[in-house]
Amino acid sequence: MNDVLHLKGQFEQKANGSKPGAPTLAAGKYVTANHLIKLRDDLIEMCKFWENQSLLPKALVTAYYNKIAAKSNRINAIFSYNGLPANDTIVGAKYNDTIDKHIITHYVSLDTIYESTRRINEAIKIVEKEYNGKVIAKQLNDPTFIKKINFSKCQIGKTMFQQIIVDASFVESFGIEESSIDKTKDSIITLYKTDQNIKSIMDNIGVKVYSSKIIDETSVLLDPKQIDILYQKAPYLIAMSTYDFNKLSPTDFEKSKNQKLRVIPTPTIEPTIGVIDTLFDEEVYFKEWVTYKKMISDDIQVNSEDYLHGTSVSSIIVDGPSLNPDLDDGCGRFKVRHFGVSLAKGFSSFTIVKQIKEIITSNSDIRVWNLSLGSYQEIHKNFISIEASSLDEIQYENDVIFVISATNKNPNEEDKKIGYPADSINSVVVSSVDYNKKPTNYSRTGIVLSYFLKPDVSYYGGSSERMLVTYNSLGEYKVSGTSYAAPWIARKLSYLIDILGFNREVAKAMIIDSAIGWEDFTSKKLKALKGYGVVPIHIKEIVSSPKSEIKFVLSGISEKYDTYNYNFPVPIYKNQYPYLAKATLCYFPKCTRSQGVDYTNTELDIYFGRINDKNTINSINRNTQSIEDEGGSSHIFEKEARSLFQKWDNVKHIRDVVKKNNRTRTVYEKNKNWGMSIKTKERLNGKDGEGIRFGVVVTLKEINGINRIDDFIQSCSLRGWLVNRINVENKIDIYQTANEDIEFE
């Protein structure tokens with residue numbers, strides 16, 4: 001086996017030098033005066049409605065698009081006013097029922113609507129007079145044609161006219177969007193973000209809420225009566241809602257028949273993993289390894305069942321390989337800091353969200369956290385749950401990573417979507433497979449917001465044919481569930497981060513990459529159940545590779561639009577590159593829940609491949625998105641970019657596929673190296689991507705089975721790369737030495 005290599009070198013940074021050109025219609029598109037009249041009349045109706053409303057000083061207006069719109073396709077001239085871009089007024093985004101069109105809500109002043117109405121009205125006059133009632137792409141995009149129009153006699157300029165026509169080509173109508181919600185249960189209600197305080201809004205409609213029920217500036221816990229009042233008086237304020245998760249997803253327990261007297265050594269310098277779960281029994285054999293804090297009030301009555309789940313989860317983290325020798329991962333034992341936040345029957349997710357923030361802040365030394373609690377309720381197609389959003393925010397602001405179980409369904413149920421908080425984008429979400437690597441009958445399905453691949457990976461969580469062994473207050477127990485698959489991944493992540501010293505971005509990329517083989521991806525249905533695949537059992541299978549492969553990891557920080565290095569000396573044989581290649585990228589972006597389906601603020605787009613004679617990268621996945629971003633002519637529709645190139649997903653995997661007759665790659669005459677480029681794009685008008693760290697795992701597979709790693713190491717060293725072999729034994733020695741207590745005489 002070859003060791004994985006850790007490459008350390010300098011990434012260069014470059015700003016995007018291209019400037020936006022004049023607004024243009026896509027080929028084949030057209031806009032009629034009648035369509036503009038409809039949009040104008042829609043806005044007039046919006047004015048009439050909001051002029052009679054006193055609850056908000058401004059107006060909520062929804063644009064109904066005719067497609068899934070890229071940021072560049074969002075309306076620009078309409079709703080841009082007094083120096084405030086239309087993009088900055090967006091407070092919500094979701095899909096239509098068939099998930100092929102955007103529905104985007106803006107919060108704008110009445111003056112903005114008046115001005116937008118005026119602009120559209122002027123555009124109507126120009127279209128009717130100069131274009132005979134219909135503007136086609138060739139006419140709008142032709143500078144010669146549009147120069148014939150005397151805009152000095154018009155009430156809008158040329159660029160404004162062009163942009164209004166382009167805006168209108170993407171928008172079908174304007175209206176007021178209302179969410180349908182269940183008014184029979186306690187729910188966490190999220191209002192559209194406005195300039196009004198949530199408490200004052202509730203007071204004005206006659207709903208009394210206490211500060212203790214408010215999660216953040218837009219979300220509040222309401223009972224059915226309060227929800228009904230809100231829905232009757234101001235349904236247009238409701239952006240989204242989720243049930244307060246008071247029912248946990250099911251899990252299986254079965255008492256083991258072969259009870260053994262378990263012994264365990266005293267803990268020393270082992271890393272600590274955080275566990276947030278049900279209660280922990282402090283009488284089990286591994287109690288020395290667990291520091292426990294009960295987060296539930298002593299006034300709440302508990303029983304023996306409340307200790308089973310949490311104690312079982314911690315038993316896997318501490319001593320999983322001893323309990324399940326066939327799953328010995330080579331990671332050893334781990335200490336646990338266990339926080340009991342829930343009863344077996346469930347607990348308020350509203351309360352848990354607040355507790356988790358407090359727990360993480362107070363335990364900043366812990367890098368890896370296991371959360372095997374999940375709701376029986378399914379995730380929503382149009383927004384991220386408040387629980388998951390809170391976890392994503394914590395991970396963006398802190399150098400931590402959560403491992404979350406993908407939740408379970410009853411085996412006899414039909415397909416069921418995963419439950420929150422398994423819709424957390426920054427976390428590693430783990431589903432379960434049996435020992436044949438097939439999804440279990442209790443597995444639930446992703447995908448999140450139609451394009452985030454969740455779960456991320458799968459692992460062995462036990463099945464009816466072969467359950468896992470855990471230990472709790474009643475002794476050895478056989479269990480099955482994603483709750484017991486997740487802790488195994490938490491162990492591996494802690495090993496990579498706390499012992500081998502990788503940052504969380506590289507560690508997450510290594511876990512996901514290890515689950516992906518060279519064969520073609522599975523069906524979409526299997527991806528939704530298994531994620532990227534099943535993570536190998538032993539840690540050595542993650543930090544090493546077959547002798548026919550060169551696997552290396554690296555990390556960098558995005559400071560500008562293009563973060564790049566064109567200096568990867570892939571070994572050449574007979575003037576050819578005899579390799580297949582794959583790469584996995586991970587990063588932890590800032591997310592904005594109020595943006596709905598447009599959840600992640602930053603996109604990192606990876607390109608990796610040969611440097612051609614034009615000094616650009618021939619990416620192995622034939623990605624050409626950046627050509628258009630940099631002023632070129634390539635065009636990829638947003639829906640295709642999300643499905644083909646994982647646009648806006650914070651995990652990217654690009655790769656070749658093993659075929660019967662894979663061919664070598666040609667070496668270009670002018671450039672003998674390969675390159676990597678990370679393009680950074682912002683969804684909003686901020687700079688959330690500046691300073692964002694990323695991790696990448698790259699694998700080169702020699703198609704003839706020859707080991708070329710020594711040539712690669714030598715060439716890298718000659719080009720200034722610092723190359724470290726990831727040797728497990730050496731890293732353990734370093735870790736132990738670094739954690740020894742030194743006594744001075």
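Helices (H or I, at least four residues) and strands (E, at least two) are DSSP runs, numbered from the N terminus. With that in hand, let's work through some exercises together.

This is a predicted model, in which local features need pLDDT of at least 70, side-chain atom pairs count only at pLDDT 80 or more, and totals for chains, interfaces and linings use all residues. Residues are numbered from 1 along each chain as its sequence is written, and side-chain values use heavy atoms, with hydrogens and water left out.

**Exercise 1. Unusual backbone angles**

Find where Lys437 and Asn575 are placed, and state what sign phi has in each.

Step 1. Start with the background: most residues other than glycine have a negative phi, and most peptide bonds are trans.

Step 2. Lys437 sits in the loop between strand 19 and strand 20. Its phi is near 65 degrees, a positive value in a residue other than glycine.

Step 3. Asn575 belongs to the loop between strand 25 (562-568) and strand 26 (576-577). Here phi is near 60 degrees, again positive in a residue other than glycine.

Step 4. Now look at accessibility, where buried means under 20% relative accessible area, exposed over 50%, and partly exposed in between (1.4 Å probe, protein chains only). Lys437 counts as partly exposed because its relative accessibility is 44%. Asn575 has a relative accessible area of 47%, so Asn575 is partly exposed.

**Exercise 2. Cis peptide bonds**

Which residues does a cis peptide bond join in the loop that holds Pro421, and which in the loop that holds Ile447?

Step 1. Go to the loop between strand 18 (401-405) and strand 19 (428-433), where Pro421 has its place. A cis peptide bond joins Tyr420 and Pro421, with omega about 10 degrees.

Step 2. Move on to the loop between strand 19 and strand 20 (457-460), which contains Ile447. Gly446 and Ile447 are joined by a cis peptide bond, and omega is about 10 degrees.

**Exercise 3. A six-stranded sheet and one of its residues**

Work out the strand order of the open sheet of six strands, then describe the surroundings of Thr699.

Step 1. Recall that strands of a sheet pair through backbone hydrogen bonds, either parallel or antiparallel. Two strands pair if DSSP finds at least two bridges between them.

Step 2. The order is 30-27-33-24-2-34, with mixed pairing in this open sheet of six strands. Strand 30 (651-655) and strand 34 (722-725) each have a single partner strand, so one side of each edge strand has no neighbour in the sheet.

Step 3. Take one pair: strand 27 (residues 579-587) and strand 33 run antiparallel and are joined by nine bridges. Thr584 stands opposite Val697 in strand 33.

Step 4. Thr699 is also found in strand 33 (residues 692-702). Thr699 counts as buried because its relative accessibility is 0%.

Step 5. Contact means heavy atoms within 4.5 Å. Leaving aside neighbours within four places in sequence, the contacts of Thr699 include Asp513, Trp518, Glu549 and Ala581. Ala581 is 118 residues away from Thr699 along the chain, yet their C-alpha atoms are separated by 5.6 Å.

**Exercise 4. Two crossing helices**

At what angle do the axes of helix 2 and helix 5 cross, and which residues meet there?

Step 1. Axes are lines fitted to C-alpha atoms, for helices over the stretch in contact, and angles run from 0 to 180 degrees between N-to-C directions.

Step 2. The axes of helix 2 (residues 110-130) and helix 5 (residues 158-170) come within 10 Å and cross at roughly 95 degrees. That makes helix 2 roughly perpendicular to helix 5 (angles under 35 degrees count as roughly parallel, over 145 as roughly antiparallel, 65 to 115 as roughly perpendicular and the rest as oblique).

Step 3. From helix 2, Arg119, Ile120, Ala123, Ile126 and Val127 meet Met160, Phe161, Ile164 and Ile165 of helix 5.

Step 4. Sorted by class, the contact of helix 2 with helix 5 has eight nonpolar, no polar and one charged residues (Ala, Val, Leu, Ile, Met, Phe, Trp, Tyr, Cys and Pro count as nonpolar, Asp, Glu, Lys and Arg as charged, and the others, Gly among them, as polar).
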